[in-house]
Structure formats: C-alpha cells, structure tokens
Amino acid sequence: MSFDLIITNGTIVTSADILDPKVEIGVKDGKIIALGYSLPRGPKTQVLDAEGAYITPGGVDSHVHLAQAESPDGDNFETGTRGAIAGGTTTVLAFASQRRTDDSLFPVLEAYHGKARGQSYCDYGFHFILTNPTKHIVNEELPVLVNKEGISSVKLYMTYEPMKLDDRAILDIMMAARQLGITTMIHAENSDMIALITERLEARGLTDPFYHSVSRPQIAEGEATNRAICLAELTDTPVLIVHVSSEMAMNHIREAQTRMLPIHGETCPHYLLLLSERMQAPDFEGAKAVCSPPLRHDLRDLSAIWRGVANGTFTTLSSDHAPTKFSSPYGKTLGMKNGFPVFRNIPNGLPGIETRLPLIFNQTIGPNAKISLTQFVQTTSTKPARLYGLGGVKGDIAPGYDADLVIWYPPGHRFAADPDDTAGLCISASMLHHNCDYTPYEGMKLMNWPRYTIIRGQIVWDRDNGGVIGSKGFGEFLKRKKGSVVTGQTGGLAQGMMDGERELWL
Ligand code: DUC
Ligand code: ZN
Ligand code: ZN
C-alpha cells in the first residue's frame with residue numbers, strides 16, 4: 001500500500017492537540033489513513049511540503065445562505081463555494097427554504113438539489129428552514145428527510161413576517177425533533193418588540209440604516225433566546241441559537257449550559273469584530289453593515305462575545321454568509337425609496353464565507369490572541385461537524401477522516417512585495433471570489449491566509465499557483481447522520497417538575 005499524498009513539514013493542529021512538527025499526514029483515496037513519522041513514499045506518492053506552516057482541518061461553515069429564493073442577487077452554489085475554498089472552508093451547510101405556501105418539503109428539497117448539483121466547489125449539505133410546519137410535514141415528511149435524505153437539522157425563525165413561527169408551532173417542531181434526534185436551529189429575536197420600535201422610529205423620520213440597530217435592541221434577542229431555551233427545556237430537545245450577537249443572549253445560553261441542558265450557541269465573525277457605527281457610513285453605505293441581529297454598539301459587546309468563544313459557551317463559529325450586492329436593484333438599494341433610506345427594506349445579511357476562517361485564525365496569533373489554535377479548530381470545524389452529523393468524517397485531522405485540510409503560510413511569511421512591509425495581507429473586495437461587490441472587512445490587515453485548501457486529498461486552492469484550481473461540481477452532497485449533542489445532555493428534569501411529571505404528557 002502506498003499513499004497518494006503525504007503532507008510533510010507542517011505543524012498539525014487537531015481539535016485536541018498541536019502535534020510534533022515531524023508528524024506527517026498520509027492520504028489514500030481521499031481519506032487520512034495515517035499520522036506518523038517518516039511515512040513511506042511510493043513511486044506515485046505526491047509529497048506536499050508545508051514549509052513549517054500550521055495545518056488545520058478544512059473549515060466547516062454550518063450556516064451559509066446560497067441560492068435562496070429570498071435573495072435573488074446573493075451568491076449561488078458556484079460563486080459561494082468558490083469563495084469558501086479560497087478561504088479554507090471545505091464543507092458548507094446551506095439552507096433549503098420552505099415558503100409559507102409550500103405544503104410539501106420534497107419539491108423544495110428537489111429544487112435546492114437542482115441549484116447545487118454539479119455547481120459546488122466544496123462538499124455541502126442542507127438544513128431545512130420551516131415556515132409552514134403543518135401536521136403532515138412535521139409528522140410524516142420530517143422523518144423521511146432525516147432518515148432517507150440525510151437532512152438532520154431544521155431552522156426556525158421567531159421574527160420576520162414571512163417566516164416567523166409562534167411558540168406553539170415551535171413546540172410542535174421541537175417535539176418532533178426530540179423524537180427524531182435532530183438539532184433545531186433558532187433565530188431568536190422578539191418580533192413584536194422590533195415591530196413596535198420600527199413603527200415609532202419611522203413615525204419620527206428616523207429611517208437611516210443606523211436605526212436598524214436601534215430597532216433590534218439586545219433585549220429583543222435576550223428575551224427570545226430565553227424563551228427558546230424555556231421551550232427547549234420543556235420539551236427536552238437540543239437546540240442551537242444561531243448568530244448570537246449580545247451578552248444578554250449569551251448569558252442565557254451559558255446559564256442553561258451550567259444546568260447541563262443541551263443548549264448550543266453559534267456566533268459569527270461580525271459579532272466579534274464589527275460595531276454598529278458602521279451603519280452610520282455616509283451615502284447609504286451604512287446599509288452594507290445591516291444584518292440581523294444587528295451589529296452592537298460598544299467594544300465591550302465584542303469583548304463579551306469573545307469571552308463566550310473562549311469559555312466554550314459558543315459551540316460553533318459560522319459565517320452566516322447572507323450576501324446581497326450593494327449596487328444592485330435587488331440588493332441593499334431596495335432600502336432606498338424615492339432617494340430616501342428606509343432601513344426596514346434593506347435586505348439583512350453580510351457576506352463572510354471566504355473571510356471567516358482567516359479572520360478567526362488571525363485571532364490565535366501573537367500576544368493578544370483571543371483563543372487558542374485548538375479552540376479555533378473546535379469552533380470552526382470539529383464541533384459544527386459533530387453537532388450536525390458529520391462527526392468522524394469532517395472537521396478534524398485523524399485516521400478515518402476525509403483529507404480536508406488547510407495549509408497556512410509559514411509564520412513570518414511576507415505578503416507584501418516590499419520586504420520592509422510587515423503589515424501582512426490587506427482584505428479587499430477585489431481579492432475575494434464570492435459574487436458580492438463588497439466586503440465588510442475592507443482594509444482589515446491579516447497576518448495569514450490559507451495557502452492551500454485540500455478536499456478529500458485534492459488541492460483545490462493554491463494561492464500562489466492558479467488560486468482556485470478545484471473544479472465546479474467536485475463538491476459532493478453530504479447525507480448527514482443524526483447529530484451529536486455536543487453540550488449538555490437530554491433527559492434532565494425541567495425546572496420545578498417532579499420526577500416523572502413530564503413523562504405524563506411527553
Ligand atoms: N438570519 C440569518 O440567519 N441570516 C441572515 C439574516 C438573518 O436574519
Ligand atoms: Zn437568522
Ligand atoms: Zn443566516
């Protein structure tokens with residue numbers, strides 16, 4: 001037996017360890033089959049020299065919006081996943097999105113397969129967004145999706161008129177999710193609080209993009225997060241609160257976790273790095289920073305979320321890549337009416353699929369590092385894979401896993417032509433590969449970027465020799481297993497209930 005590929009001379013970072021730099025990775029048929037010293041080379045073995053750089057698992061971005069009917073000028077599977085691999089992400093979980101008028105999920109699923117099939121540069125799976133959870137869908141169709149179609153997670157909205165569900169509908173889905181052993185993702189913001197504030201701001205003529213952040217205060221996220229946790233505790237169901245932006249919501253999650261409830265949290269780079277002042281940019285440019293929940297006001301808000309990543313409150317760090325172009329009639333400019341900005345009409349969401357991994361990797365470097373390299377691997381690869389049913393296959397570096405890897409530049413690498421310029425690499429929209437005409441991280445300096453991205457043993461991104469060298473359609477659909485509960489456990493007593501009480505009705 002000889003290896004197809006050996007990666008040598010790199011420092012391997014797994015979810016648990018930073019390995020001796022002499023350890024090599026041996027790959028055969030797309031799988032990692034050995035980690036060891038001086039692995040045997042055969043005549044056909046390709047040897048890739050990492051030149052002293054870190055090697056991390058390919059990124060697993062478990063929250064991206066691609067080709068969704070609701071955002072006509074956002075990325076499709078081709079452009080979005082092209083950006084993904086250029087930024088070190090090798091697996092994405094996108095959404096198949098039910099509209100209120102859809103009374104079966106199967107045609108919706110087929111439509112999303114049609115959008116993705118043959119188009120993706122990286123491996124992909126789907127979560128289902130449920131907006132019309134009829135009895136038939138919840139009781140008859142969901143089990144088929146989970147057991148036959150490999151879709152083991154759903155996303156629910158507590159806000160947005162066309163998508164939001166009331167507590168009863170959420171409870172019904174949680175009961176089914178519990179039975180099926182799947183993960184429920186929840187967008188938690190209090191819809192009525194947002195509606196009230198929005199109407200009152202509009203009545204006073206306060207409609208600039210910045211007021212988007214005023215219309216969705218932390219308390220709206222905090223209340224809905226607490227409510228979602230209570231519903232999950234009642235039904236003894238694992239949930240993940242998506243895109244958490246505020247300390248208040250984070251504290252509710254933390255408190256539930258200390259009681260060993262299976263409550264997971266997700267946050268995103270923009271809630272770690274960007275502030276609401278961005279929405280004050282002139283000439284409507286503030287619309288580029290409009291997302292929900294909104295960017296928060298204060299540096300202390302960013303520190304709080306970093307604290308939650310470092311102390312393990314957040315299970316996953318996703319991009320929530322939800323791009324709409326700035327200069328497009330179907331993009332952010334929908335928020336301009338007769339030359340006046342109207343924040344409620346601005347499409348929500350930021351592009352970030354390509355920048356997620358480098359932005360966070362750079363926060364593991366130097367004396368001001370926010371998290372360790374192993375925490376980086378856990379939150380950006382390993383835990384999202386395990387939570388969503390890809391454990392043992394994606395998200396770590398060990399025998400048996402797919403050979404999905406990122407090789408970074410060696411420490412001290414100079415990106416600038418000028419040898420005296422140690423400033424690193426400067427993010428700009430023009431260097432990115434997605435299909436959005438801006439990046440909210442324009443001008444930000446990074447000391448490292450993926451040099452190579454490898455999927456199932458194939459180099460698909462070689463920054464210095466061709467850039468994107470993978471091919472469209474190489475990415476495979478991932479039929480996922482049921483996910484693992486990564487935090488806490490099911491089966492505990494709900495607060496205030498006596499032994500056996502819940503079993504009377506559960
Ligand atoms: N929710 C998301 O999950 N992504 C983008 C915007 C939103 O509200
Ligand atoms: Zn959301
Ligand atoms: Zn999202």
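## What counts as a donor

Donors here are N, O and S atoms within 2.8 Å of the metal, and water is not among the atoms, so sites may look incomplete. With that in mind, let's look at the metals and the ligand beside them; note that this is a predicted model.

## The zinc ion, ligand 2

Start with the zinc ion (ligand 2). Its protein donors are Lys-155 through NZ, His-187 through ND1 and His-243 through NE2, and they lie 2.1 to 2.4 Å from the metal. Along the chain, these donor residues are spaced K-x31-H-x55-H.

There's another metal to consider: the zinc ion (ligand 2) and the zinc ion (ligand 3) are separated by 4.1 Å.

## The zinc ion, ligand 3

Over at the zinc ion (ligand 3), the protein donors are His-63 (NE2), His-65 (NE2) and Asp-320 (OD), at 1.9 to 2.0 Å. Their spacing in the sequence reads H-x1-H-x254-D. As for the two histidines, both His-63 and His-65 are buried.

## What surrounds ligand 1

Now for ligand 1. The residues around ligand 1 include the zinc donors His-63, His-65 and Asp-320, along with Lys-155, His-187 and His-243. The rest of the list is Tyr-157, Tyr-160, Ser-292 and Ala-322. Sorted by type, this shell has 3 nonpolar, 5 polar and 2 charged residues.

And where does ligand 1 sit? The space it takes is the largest pocket.

## Polar contacts with ligand 1

The donors of the zinc ion (ligand 3) turn up again here. His-63 puts a polar side-chain atom 3.0 Å from an oxygen atom of ligand 1. For His-65, a polar side-chain atom is 3.0 Å from a nitrogen atom of ligand 1. Then there's Asp-320, with an N or O atom of its side chain 2.7 Å from a nitrogen atom of ligand 1.

How much of ligand 1 does the protein cover? On its own, ligand 1 has 230 Å² of accessible area, and the protein covers 95% of that.

Terms used
Residues numbered from 1 in each chain as written. Chains lettered and ligands numbered in written order. Predicted model: local features only at pLDDT ≥ 70, side-chain atom pairs only at ≥ 80, totals over all residues. Heavy atoms only, no water. Donors = N, O, S within 2.8 Å, 3.2 Å for Na, K, Ca; no water. Buried < 20%, exposed > 50% of the residue type's maximum accessible area, 1.4 Å probe, protein only. Near = heavy atom within 4 Å. Polar contact = N/O pair within 3.5 Å; in protein donor to acceptor, adjacent residues only side chain to side chain. Areas by Shrake-Rupley, 256 points an atom, 1.4 Å probe, with all protein chains shown as cover. 1 Å grid on protein atoms, 1.4 Å probe; cavity = no way out; pocket = protein on both sides within 12 Å on 5 of 7 lines; lining within 4 Å. Sits in = over half its atoms within 2 Å of the grid points. Nonpolar A, V, L, I, M, F, W, Y, C, P; charged D, E, K, R; others polar.
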